Every structure is written in C-alpha cells, then in structure tokens.
Amino acid sequence: MPDAGDDCELAADRRRGSNFGWSLGMVLRRWHDHVEEALKDLPHGSRGYHILAVVVHEEVPTQGALATRLVIDRSVLTYVIDDLENAGLIERQLDPRDRRARRIVATERGRQALVDAERRVAHAEDHVLGGLPEEERDAFRNFAERAAEAIHTAAPGTDPCAAVTSVLPPAAQPAS
C-alpha cells in the first residue's frame with residue numbers, strides 16, 4: 001500500500017480515474033473562481049450569464065420554460081431576471097400566444113454584453129485548463145457538454161447550481 005504522503009503514487013492513482021469526483025471538483029472550483037471574477041460586473045455573475053446565453057442562443061418561449069431549461073427555482077429566477085432587466089440586458093414581453101406568459105428577450109445591450117462575457121469566460125476557461133494542450137481543452141469541453149446534456153436529458157430536474165455549491169468550500173458559495 002503506498003504511503004499517503006507519496007505524491008507520485010497519489011498522482012498515478014488519480015490518472016487511473018480512481019478520483020474522478022475529486023478531478024471534477026477541482027476543475028469546477030477553479031472554473032467557478034475564475035468565471036465569477038470575470039463576470040463580476042454582470043448581475044448574478046455566472047447565473048446571470050447562463051440566463052443571458054440561453055435567452056440569446058436558444059428559443060426558450062417563456063420565463064417558465066427558462067426556469068425549466070436551467071433548473072432554476074421560478075422565484076429565484078424572477079429576482080435574477082429583475083436585476084438583468086434593471087441593467088437593461090433583457091426585457092419581458094407578452095407572449096403573443098398566451099398573454100399570461102412572459103417571454104424573456106435580450107436587448108441589443110444584452111447581446112453586446114453577452115459577446116463580451118463569452119470572450120471573458122473563454123479566457124477564464126483557457127486559464128483554468130491551461131495545463132492542457134488546446135486540442136485537449138476543446139475535447140474536454142466537448143465531452144463535459146455532452147455528458148451534461150445526457151444527464152439533463154435523463155434527469156431534467158438535476159439542479160446544476162446545487163451541484164456547484166455542493167463542491168465549493170462554504171466561503172466561496174454564493175449568497176442566496
């Protein structure tokens with residue numbers, strides 16, 4: 001049995017995949033730290049970024065559908081949308097098919113802010129994955145996205161925010 005203090009043995013053990021959760025946690029913690037810093041001027045940081053990205057890049061018909069897509073509690077989503085709207089990045093519009101429903105639409109300012117935010121997130125992600133060659137970074141992102149979509153398809157109620165906060169140290173967890 002290798003000595004727990006033997007870094008070479010622990011590194012070899014990790015390469016065999018026995019610490020997959022540890023590996024994901026390390027990447028997620030580092031991603032969270034760098035992306036939150038990169039998005040500190042965007043309301044609600046990465047959560048606001050994800051909402052803005054879905055609103056711009058996907059056809060999510062209503063606020064309720066947005067909550068379902070991102071697995072965000074509707075009451076929490078309301079506050080985030082309020083802040084994004086107050087910042088002039090999105091607006092609520094009546095859904096022409098259902099006047100009780102609201103569509104969330106990016107403003108021109110919101111679209112421009114997303115382009116800038118996407119550039120900053122890509123830079124932060126390159127920093128996080130900087131120990132890997134570029135083609136491996138791209139492969140990692142692709143595999144992670146495919147795995148996440150498969151998980152979301154199989155279990156659409158899986159809360160990604162709960163997954164993030166479950167691996168973050170208490171001091172790094174966002175306030176509710």
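A residue is called buried here when its relative accessible area is under 20%, and exposed when that value is over 50%. With this cut-off in hand, the buried residues of helix α6 in this predicted model are G110, L114, A117, R120, V121, A124 and V128. Seen down the axis of α6, these buried residues fall within an arc of 140°, so they line one face of the helix. The face of α6 turned away from this buried side carries the exposed residues E108, V115, R119 and H123, while the cover over the buried residues includes α2 (20-38) and α3. The helix itself comprises residues 108-128, and because 21 residues at 1.5 Å a residue should span 30 Å, the 30 Å that separates its end C-alpha atoms agrees with expectation.

Before going further, it is worth asking how far the model can be trusted. The protein chain averages a pLDDT of 83, with 78% of the residues scoring at least 70. Confidence is highest in α6, at a mean of 97, and lowest in helix α1 (residues 7-15), at a mean of 54. Over residues 1-6 the pLDDT is below 50, and this stretch has two contacts in the model beyond near neighbours in sequence.

Helix α5 can be read in the manner already used for α6. Its 13 residues, 74-86, reach 18 Å from the first C-alpha to the last, close to the 18 Å expected at 1.5 Å a residue. The buried residues of α5 are L77, V80, I81 and L84. They cover an arc of only 100° around the axis, which puts them on the same side of α5. What covers these buried residues includes two helices, α3 (45-57) and α4 (63-70), together with the strands β1 (90-95) and β2 (98-106), whereas Y79 and N86 are exposed on the face of α5 turned away from the buried side. Just after α5, G88 takes a positive phi of about 80°.

The two strands named among the cover of α5 also pair with each other. β1 and β2 run antiparallel and are joined by six bridges, and the hairpin that connects them passes through two residues. Within this pairing, L94 stands opposite R102 in β2.

R102 also leads to another part of the chain, since R102 is one of the residues in contact with T62. T62 lies in the loop between α3 and α4, and it counts as buried because its relative accessibility is 18%, which is under the 20% cut-off. Leaving aside neighbours within four places in sequence, T62 is in contact with D95, A101, R102 and R103. The C-alpha atoms of T62 and I104 are separated by 6.4 Å, although the two residues are 42 residues apart along the chain. On the side of α4, the side chain of T62 reaches the backbone nitrogen of A65 at 3.0 Å. The loop residue T62 thus has contacts that include A101, R102 and R103, and its side chain also reaches the backbone of A65.

Key
Residues are numbered from 1 along each chain as its sequence is written. Side-chain values use heavy atoms; hydrogens and water are left out. Helices (H or I, at least four residues) and strands (E, at least two) are DSSP runs, numbered from the N terminus. The expected span of a helix is 1.5 Å times one less than its number of residues. Buried means under 20% relative accessible area, exposed over 50%, partly exposed in between (1.4 Å probe, protein chains only). The arc is that of the directions from the helix axis to the C-beta atoms. Contact means heavy atoms within 4.5 Å. A polar contact is a pair of N or O atoms within 3.5 Å; within protein, one must be able to donate a hydrogen and the other to accept it, and residues adjacent in sequence count only if both atoms are side-chain atoms. pLDDT is the predictor's confidence in each residue, from 0 to 100. Two strands pair if DSSP finds at least two bridges between them.
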